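Me: I'm new to this structure and would like to learn how to read it. Could you walk me through a few features, one at a time?

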Amino acid sequence: MSETRETSGTSRTSRTNGPTGMTRTIGMQEMTMNGTSETYDRLVDLLVDRFEVDRAEIAPDTRFEDLDMDSLFLVELLLVIQSEFKADIGEDAATPGDTVAAVAALIEGRRPLTSPGAGAAAATGDRA
C-alpha cells in the first residue's frame, strides 16, 4: 500500500510493510506507524534524562503544555537540541502547543550546524 501527498512543494510517500512491520517513509526519515523515529526517540531520551520528564507521559501527540512546559522551558530545550543534535534551530522555533513529534520533525528538517574547520578536517581525515 503506497500513498503520495504533496505538502509545501515536498513530495511525501507512505508505505506499509505487512501486518507487523508497518512503517512510513517521509523524505529520508523512516518512521513507525505510531509516529516515532530515531530522532523522536533521541528527543524523548533527552526529555527524560536531562529534563526529568516521566517517560510514561510522553507520546508523539503530547504537547509541551501537557507536560507543564512553558515557553521559557522550550528556549532551554531548543538550545540543548542545537547542541545535542547539531541542528540549526532558533530559540523561538517551537511553542508550548507543539507536539513532541512536531519538534522531532523540525529537528529532522533542519540542516546540521557545521564549524568552519569541519569541512577541511573531514576532507583530509584530520580531527578539527
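Me: Let's begin with charged side chains. What do the side chains of E65 and R63 meet in?

Reply: They meet in a salt bridge, with N and O 3.3 Å apart. Keep in mind that this is a predicted model. To call a salt bridge, you look for a side-chain nitrogen of Lys or Arg within 4 Å of a carboxyl oxygen of Asp or Glu. The E65 and R63 pair fits that, at 3.3 Å.

Me: Which residues do salt bridges that share partners join into one network?

Reply: R63, E65 and D66 are joined that way.

Me: Are E65 and R63 buried or exposed, or something in between?

Reply: Something in between. The idea is that under 20% relative accessible area is buried and over 50% is exposed. E65 has 38%, so it is partly exposed. R63 has 34%, so it is partly exposed as well.

Me: Where does R63 lie, and what does R63 touch further along the chain?

Reply: R63 lies in the loop between helix 1 and helix 2. Leaving out residues up to four places away in sequence, R63 touches P96, G97, D98 and T99. For a sense of the distances, take R63 and T95: they are 32 residues apart in sequence, yet 9.1 Å apart in space from C-alpha to C-alpha.

Me: How many salt bridges are there by this rule?

Reply: The count comes to four. One of them is formed by D45 with R55, where the closest N and O atoms are 3.1 Å apart. D45 sits in helix 1 and R55 in the loop between helix 1 and helix 2, so this pair ties together parts that are ten residues apart in sequence.

Me: How accessible are D45 and R55?

Reply: D45 counts as partly exposed because its relative accessibility is 31%. R55, at 42%, counts as partly exposed too.

Me: Which residue forms a salt bridge with R50?

Reply: That's E84, and the closest N and O atoms of the pair are 2.8 Å apart. This pair links distant parts of the chain: E84 is in helix 2 and R50 in helix 1, 34 residues apart. With a relative accessible area of 37%, E84 is partly exposed.

Me: Let me step back to the whole chain. How many helices and strands does the chain have?

Reply: Four helices and four strands. To get the layout, read the elements from the N terminus on: they run β-β-β-β-α-α-α-α.

Me: And what share of the chain's residues is buried?

Reply: Buried residues make up 29% of the 128 residues. You can also ask how far apart in sequence the touching residues are. Among contacts with a separation of 6 or more, 43% are between residues 24 or more positions apart.

Me: Now two helices. At what angle do helix 1 and helix 3 pack?

Reply: When you read a helix pair, look for the angle, the distance between axes, the crossing and the residues that touch. Helix 1 (residues 38-51) and helix 3 (residues 100-109) pack at about 120°, and their axes are 9 Å apart. The crossing of helix 1 past helix 3 is right-handed. Helix 1 brings T39, Y40, L43, V44 and L47 to the contact, while helix 3 brings V100, A101, V103, A104, I107 and E108. Sorted by class, that contact has nine nonpolar residues, one polar and one charged.

Me: With which side chain does the side chain of S37 make a polar contact?

Reply: With the side chain of E108, at 2.7 Å. S37 belongs to the loop between strand 4 (29-32) and helix 1. Its relative accessibility is 4%, so S37 counts as buried.

Me: One last feature: backbone angles. Which residue has phi near 55°?

Reply: That's E52, and the thing to spot is a positive phi in a residue other than glycine. E52 is found in the loop between helix 1 and helix 2, and at 73% relative accessibility it counts as exposed. D68 also has a positive phi, of about 60°, although it is not a glycine. D68 is in the loop between helix 1 and helix 2, and with a relative accessible area of 75% it is exposed.

Terms used:
Residues are numbered from 1 along each chain as its sequence is written. This is a predicted model: local features need pLDDT of at least 70, side-chain atom pairs count only at pLDDT 80 or more; totals for chains, interfaces and linings use all residues. Side-chain values use heavy atoms; hydrogens and water are left out. Axes are lines fitted to C-alpha atoms, for helices over the stretch in contact, and angles run from 0 to 180 degrees between N-to-C directions. A crossing is left-handed if the near helix is turned anticlockwise from the far one by less than a right angle, and right-handed if clockwise. Contact means heavy atoms within 4.5 Å. Ala, Val, Leu, Ile, Met, Phe, Trp, Tyr, Cys and Pro count as nonpolar, Asp, Glu, Lys and Arg as charged, and the others, Gly among them, as polar. Buried means under 20% relative accessible area, exposed over 50%, partly exposed in between (1.4 Å probe, protein chains only). A polar contact is a pair of N or O atoms within 3.5 Å; within protein, one must be able to donate a hydrogen and the other to accept it, and residues adjacent in sequence count only if both atoms are side-chain atoms.
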